[in-house]
Amino acid sequence: MTVQEAFDAINNFILERGGEFAKWYVGITADPEDRLFNAHKVTRISPWIHCACVNAAAARNVESYFLEKKGALGGSGGGDDTARYVYAYKTTPYTVESI
């Protein structure tokens, strides 16, 4: 996906689920399944999404926008050149954000 396509997909997903960006965590990774379900402890029935971007720079741009402009939770600077997936999930008392 392009930056715009990934942004639109994640933005629409969050808006359709209430749109409270401050309750959502956004990050980048090379392995979204491992990051979401093992590292962050997201359940498969919780609201989550991930998008494969054209490259890591595109994923980082999408992540940065949600963190800086929309007020989503997360931290920039993670991942490496293989981290071309951007992901988002709604935080709960059971998810782990500080990893």
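## A first look around helix α3

Ala56 is buried, with a relative accessible area of 9%. That is a good place to start a tour of this model, which is a predicted one. Ala56 belongs to helix α3, a helix made of residues 56-68. Leaving aside residues up to four places away in sequence, Ala56 is in contact with Asp80, Asp81, Ala83 and Arg84. A further link in space joins Ala56 to Tyr85: these two are 29 residues apart along the chain, yet their C-alpha atoms are separated by 7.4 Å.

**Further along α3**

Let us stay with this helix and move on to Phe66, which also lies in α3. Is Phe66 buried or exposed? With a relative accessibility of 0%, Phe66 counts as buried. Its contacts, again without residues up to four places away in sequence, are Phe7, Ile10, Asn11, Ile14, Phe21, Val26, Gly71 and Ala72. One of these, Phe21, is touched by Phe66 although their places lie 45 residues apart in the chain; the C-alpha atoms of the two are separated by 8.0 Å.

Several contacts of Phe66, including Phe7, Ile10, Asn11 and Ile14, also appear in the meeting of two helices, α1 and α3. In general, two packed helices are described by the angle between their axes and the distance between the axes. Here, the axes of α1 (residues 3-15) and α3 come within 9 Å and cross at roughly 40 degrees. The two helices are therefore oblique to each other. The crossing of α1 past α3 is right-handed. On the α1 side the residues taking part are Val3, Ala6, Phe7, Ile10, Asn11 and Ile14, and they meet Ala58, Asn61, Val62, Tyr65 and Phe66 on the α3 side.

**A buried charge and a strand beside it**

Between Ala56 and Phe66 in the numbering comes Glu63, another residue of α3. Glu63 is buried yet takes part in no salt bridge. Which side chain of opposite charge is nearest to Glu63, and how far away is it? That side chain is Arg60, at 4.4 Å. A salt bridge needs the charged atoms to be within 4 Å, so the pair does not count as one. The contacts of Glu63, apart from residues up to four places away in sequence, are Val26, Gly27, Ile28, Gly75, Ser76 and Val86.

Val86 deserves a visit of its own. Val86 sits in strand β3, which covers residues 85-90, and is buried with a relative accessible area of 0%. Its contacts beyond four places in sequence are Ala6, Ile10, Val26, Gly27, Ile28, Ile49, His50, Cys51, Cys53, Ala59, Val62 and Glu63. Val86 also comes within 6.5 Å of Thr29, C-alpha to C-alpha, with 57 residues separating them in sequence.

**Charges that do pair**

Side chains of opposite charge can pair when their charged atoms come close. How many salt bridges does this model have? The count comes to three, and the table shows them.

| Positive residue | Negative residue | N to O distance |
|---|---|---|
| Arg17 | Glu16 | 3.4 Å |
| Lys23 | Glu20 | 3.2 Å |
| Arg44 | Glu33 | 2.9 Å |

In the pair of Arg44 and Glu33, Arg44 lies in the loop between α2 (32-39) and β2 (48-52) and Glu33 lies in helix α2, so the pair ties together parts that are 11 residues apart in sequence. Arg44 counts as exposed, at 54% relative accessibility, whereas Glu33 is partly exposed at 34%.

How do the residues of the other pairs sit? Arg17 is partly exposed, with a relative accessible area of 34%, while its partner Glu16 is exposed at 63%. In the pair of Glu20 and Lys23, Glu20 is partly exposed at 43% relative accessibility, and Lys23 is partly exposed at 40%.

**A backbone detail in the loop**

The loop that holds Arg44 also holds Lys41. Most residues other than glycine have a negative phi. What is the phi of Lys41? Lys41, although not a glycine, has a positive phi of about 60 degrees. Lys41 is partly exposed, with a relative accessible area of 46%.

Technical notes. Residues numbered from 1 in each chain as written. Predicted model: local features only at pLDDT ≥ 70, side-chain atom pairs only at ≥ 80, totals over all residues. Heavy atoms only, no water. Helix = DSSP H or I, 4+ residues; strand = E, 2+ residues; numbered from the N terminus. Buried < 20%, exposed > 50% of the residue type's maximum accessible area, 1.4 Å probe, protein only. Lys, Arg positive; Asp, Glu negative; His and termini not counted. Contact = heavy atoms within 4.5 Å. Axes fitted to C-alpha atoms, helices over the stretch in contact; angles between N-to-C directions. Parallel < 35°, antiparallel > 145°, perpendicular 65-115°, else oblique. Left-handed = near helix turned anticlockwise from the far one by under 90°.
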